[in-house]
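Open the model in a viewer and keep the sequence panel visible. The tour goes from one selection to the next and says what is found at each stop.

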Amino acid sequence: MNQITRFIRLQQIDSRVDYVILRLEQIRLLLEDDHALRQLFAQQKEFEQRLILKRKDQEMYELAVQEQQIKIQQIEANLYGGKIQNPKELQEIQTEIVSLKKQLSSLENKLLEVMMIVDDGQVEYQVLCEKVDATQDEFKQKNSIILTEQERLIKELENLRAEKKAAENSIPLPDLMLYNRLRLSRGGIAVSTISEGACNSCGATLTPAQEQKVKSSEQKVYCPSCGRILFAS
Ligand SMILES: [Zn+2]
């Protein structure tokens with residue numbers, strides 16, 4: 001393996017390491033991004049609380065209606081029981097019954113109103129629950145694909161680091177330092193291919209003599225513009 005080939009190999013490993021690290025960071029962010037699901041859960045909880053309160057209202061009106069009915073029945077029993085004979089008293093009781101029945105009717109209307117709200121709320125709540133389930137399934141499925149990818153990339157990164165060490169060991173230290181300096185200052189790319197007489201990284205045109213040197217030489221040739229190590233693919 002000549003010197004250039006060793007640089008190329010190291011560059012390939014480094015570029016892949018850069019990609020894997022970037023992708024792992026993206027995955028980390030994706031796994032944290034369950035904002036939509038969290039929002040739906042909050043909505044579901046709020047809805048549940050509202051429904052519980054409305055059901056309590058319903059129970060309260062049901063009880064009030066029942067009490068009112070019993071009250072009317074008792075008074076009517078007194079009225080028709082024959083014990084009360086005084087016409088004035090009978091008149092008073094009849095007036096009271098009319099008033100109690102009016103209250104009963106008003107209570108029944110309120111009960112009906114709250115029952116309708118509860119019924120509608122239950123239908124709406126069911127729809128919301130289905131949406132939560134679907135979103136949760138989708139999130140789990142998406143995560144399972146991402147988690148598999150994450151696991152694969154972590155293993156790959158381990159292998160790449162071992163390969164990088166071996167590749168670095170095959171390069172003399174001064175050359176390795178030069179390579180690392182170039183990578184740091186040139187956006188991660190220290191080694192560049194050429195095509196049609198130009199550097200593929202910065203686009204600088206080479207003289208025919210420079211191009212020939214890149215193609216034939218086993219020695220390092222630097223791009224006259226960006227300074228990267230050149231090789232002909
Ligand atoms: Zn260049």
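Start by selecting Gln3, Phe7, Leu10, Gln11, Asp14 and Asp18 in helix 1, then add Asp175, Leu176, Tyr179 and Arg183 in helix 4: these two sets of residues meet each other. The model in view is a predicted one. Sorted by class, this contact of helix 1 with helix 4 comprises four nonpolar, two polar and four charged residues.

Now show both helices whole. Helix 4 covers residues 173–185, and its axis comes within 12 Å of the axis of helix 1, with a crossing of roughly 40 degrees. Because of that angle, helix 1 is oblique to helix 4. The crossing of helix 1 past helix 4 is right-handed.

Stay with Gln11 alone. Is Gln11 buried or exposed? With a relative accessibility of 6%, Gln11 is buried, because under 20% counts as buried. Leaving aside residues up to four places away in sequence, Gln11 touches Tyr179, Arg183, Gly188, Ile189, Ala190 and Val191. Tyr179 and Arg183 are also among the helix 4 residues selected at the start.

**The sheet**

Val191 leads to the next stop, since strand 1 spans residues 191–195. Select strand 1 together with strand 2 (198–199) and strand 3 (229–232). What order do the three strands take? They form an open sheet in the order 2-1-3, and the pairing is mixed. Strand 2 and strand 3 are the edge strands, each pairing on one side only.

Look at the side with strand 3. Strand 1 and strand 3 pair in the parallel sense, over four bridges. Two positions to label here are Val191, which stands opposite Ile229 in strand 3, and Ile194, which stands opposite Ala232 in strand 3.

Two helices pack on this sheet and can be shown next. Helix 1 (residues 3–32) touches strand 1 and strand 3, and its direction makes about 105 degrees with that of strand 3. Helix 5 (residues 208–216) also packs on the sheet and touches strand 1 and strand 3; the angle between its direction and that of strand 3 is about 75 degrees.

Then turn to the side with strand 2. Strand 1 and strand 2 run antiparallel and are joined by two bridges. Label Ser195 and, opposite it in strand 2, Ala198. These two strands form a hairpin with two residues between them. Select Glu196 in the turn: its phi is positive, at about 50 degrees.

**Helix 1 and helix 3**

Go back to helix 1 and add helix 3. Two packed helices are described by the angle between their axes and the distance between the axes. For helix 1 and helix 3, the angle is about 155 degrees and the axes are 9 Å apart. An angle over 145 degrees counts as roughly antiparallel, so helix 1 is roughly antiparallel to helix 3. Helix 1 passes helix 3 in a left-handed crossing. Colour the contact by class: there are 17 nonpolar, two polar and 10 charged residues in it.

While helix 1 is displayed, select Leu29, which belongs to this helix. Leu29 has a relative accessibility of 46% and therefore counts as partly exposed. Draw a distance from the C-alpha of Leu29 to that of Ser170: these residues are 141 residues apart in sequence and 37 Å apart in space.

**Helix 2 and helix 3**

For the last pair, hide helix 1 and show helix 2 (residues 35–80) with helix 3 (residues 87–169). How far apart are the axes of helix 2 and helix 3? They lie 7 Å apart, and the two helices pack at an angle of about 160 degrees. Helix 2 and helix 3 are therefore roughly antiparallel to each other. Their crossing is left-handed. The contact of helix 2 with helix 3 has 27 nonpolar, 11 polar and 13 charged residues.

End the tour at Gln58, a residue of helix 2. Gln58 has a relative accessible area of 16% and is therefore buried. To see its surroundings, select Leu111, Val114, Met115 and Val118: Gln58 touches these residues, not counting those up to four places away in sequence.

Note on methods:
Residues numbered from 1 in each chain as written. Predicted model: local features only at pLDDT ≥ 70, side-chain atom pairs only at ≥ 80, totals over all residues. Heavy atoms only, no water. Axes fitted to C-alpha atoms, helices over the stretch in contact; angles between N-to-C directions. Parallel < 35°, antiparallel > 145°, perpendicular 65-115°, else oblique. Left-handed = near helix turned anticlockwise from the far one by under 90°. Nonpolar A, V, L, I, M, F, W, Y, C, P; charged D, E, K, R; others polar. Pairing = 2+ DSSP bridges. Contact = heavy atoms within 4.5 Å. Buried < 20%, exposed > 50% of the residue type's maximum accessible area, 1.4 Å probe, protein only.
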